[in-house]
Amino acid sequence: MHTLTVGLGLAIVVACAAGCRSEAPAEPPAATPAPAAAPSAAPVARMPGATAIPVALPAGATSAIIEGTVSPGTDAEYVIGLPHGVLLTAHASTAEHDLDVSVHRGDTGAPLTDETPRNPNFFVATTPATLGYLIVVKAGEQPSPFRLEIEVPRRLLLDPPPAAREVSATLPAHGSLAYLTPAGVPVTVDLTTAPAGAYLTVHGLGGKVFVKATDDKRTFSGAPPMPNEGLVVRVEQGETAGNVTLRVSRQ
């Protein structure tokens, strides 16, 4: 694992290709009703501030993990450059709860619309242009040591029939790669080639977990929870580096 210590007491932990073991996001609790709140204000434009920290995914990686602390009433800002049309997910959490996250265009400050508003703490959006994007982590009422995961999964295409595809990569020990299945398509996923100790995690774009790390599985069959969304499938390497092959097919 490589850790870069930066200003403001923050540490950036580069994930996936650089060797971080990443867990699927925690499924949002279903039984706790949200307190009544006044209608939220319309999102406002926001440009990167002087303390915004640049973040870059290493070559071949699909995610980065950032650890830091925000004081009450303050925000943490990060800027990441991304190409047009990729899916960006951002999720920030403390040991006790999730934190609000927003994403803005770096050129105009215009906010991106969260494509999964049913889980406001798990931001998902498709990038509208090739440029820098501002990610804002908003503090709660208490000082918050937090963990922010930024992920850009690779899209998997299963058309035209026969609808099956194999993808291969070389991963370091404890590295991972994330893939996005087609929207609304039930799939079967098999990790056909990988060193001992490799496994899969699977979650929906709203944060719903289907396969977690402790399940220690190499196969999964299922459908996305919403017809307009895909599933994020992560190949997680074990203690041994090596080649992995993932086979994805329509059910």
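Visitor: Where is the place of Glu 149?
Guide: In this predicted model, Glu 149 sits in strand 10, which covers residues 144-151.

Visitor: Why does Glu 149 count as buried?
Guide: Its relative accessibility is 11%. Buried means under 20%. The value falls under that limit, so Glu 149 counts as buried.

Visitor: What makes the link between Glu 149 and Arg 234 a polar contact?
Guide: Their side chains come to 2.8 Å. The cut-off is 3.5 Å, for a pair of N or O atoms. The distance is within it, so the pair is a polar contact.

Visitor: Where does Pro 54 lie?
Guide: Pro 54 belongs to strand 3, residues 53-55.

Visitor: Why is Pro 54 called exposed?
Guide: Pro 54 has a relative accessible area of 65%. Exposed means over 50%. The value passes that mark, so Pro 54 is exposed.

Visitor: How far apart are Pro 54 and Glu 77?
Guide: In sequence, 23 residues separate Pro 54 and Glu 77. In space, their C-alpha atoms are 8.8 Å apart.

Visitor: How many aromatic pairs does the count come to?
Guide: The count comes to 1 aromatic pair.

Visitor: Why is the pair of Phe 210 and Phe 220 called edge-to-face?
Guide: Take the distance, then the angle. The ring centres of Phe 210 and Phe 220 are 5.9 Å apart. The limit for a pair is 6.5 Å, so the rings do pair. Their planes stand at 65°. Over 60 degrees counts as edge-to-face, so the name fits.

Visitor: What does the pair of Phe 210 and Phe 220 tie together?
Guide: Phe 210 is in strand 16, and Phe 220 is in strand 17, residues 219-222. The pair therefore ties together parts 10 residues apart in sequence.

Visitor: How do you know whether Phe 210 and Phe 220 are buried or exposed?
Guide: Phe 220 has a relative accessible area of 9%. That is under 20%, so Phe 220 is buried. Phe 210 has 27%. That falls between 20% and 50%, so Phe 210 is partly exposed.

Visitor: What lies over the face of Phe 210?
Guide: Lys 208 does, at 5.6 Å from the ring centre. The distance limit is 6 Å, so Lys 208 meets it.

Visitor: In what order do the strands of the open sheet stand?
Guide: The order of the 5 strands is 11-13-18-15-16, with mixed pairing.

Visitor: Why do strand 11 and strand 16 stand at the edges?
Guide: Strand 11 (154-155) and strand 16 (209-211) each have a single partner strand, so one side of each lacks a neighbour in the sheet.

Visitor: How do you know that strand 13 and strand 18 pair?
Guide: Pairing takes at least two bridges. Strand 13 (residues 176-180) and strand 18 (residues 231-236) have 5 bridges, so they pair, in the antiparallel sense. In one of them, Leu 177 has Val 235 in strand 18 as its partner.

Visitor: What makes strand 9 mostly covered?
Guide: In strand 9, residues 131-138, 6 of the 8 residues are buried.

Visitor: Which strand do 8 bridges join to strand 9?
Guide: Strand 5, residues 75-82, and the two run antiparallel. Asp 75 has Lys 138 in strand 9 as its bridge partner. Strand 7 (residues 98-105) also pairs with strand 9, antiparallel, over 6 bridges. There Val 101 is matched with Val 137.

Visitor: How many helices and strands does the protein chain have?
Guide: The chain has 0 helices and 19 strands. Of its 251 residues, 48% are buried.

Note on methods
Residues numbered from 1 in each chain as written. Predicted model: local features only at pLDDT ≥ 70, side-chain atom pairs only at ≥ 80, totals over all residues. Heavy atoms only, no water. Helix = DSSP H or I, 4+ residues; strand = E, 2+ residues; numbered from the N terminus. Buried < 20%, exposed > 50% of the residue type's maximum accessible area, 1.4 Å probe, protein only. Phe/Tyr/Trp six-rings, centres within 6.5 Å; stacked < 30°, edge-to-face > 60°. Lys NZ or Arg CZ within 6 Å of the ring centre and 35° of its normal. Polar contact = N/O pair within 3.5 Å; in protein donor to acceptor, adjacent residues only side chain to side chain.
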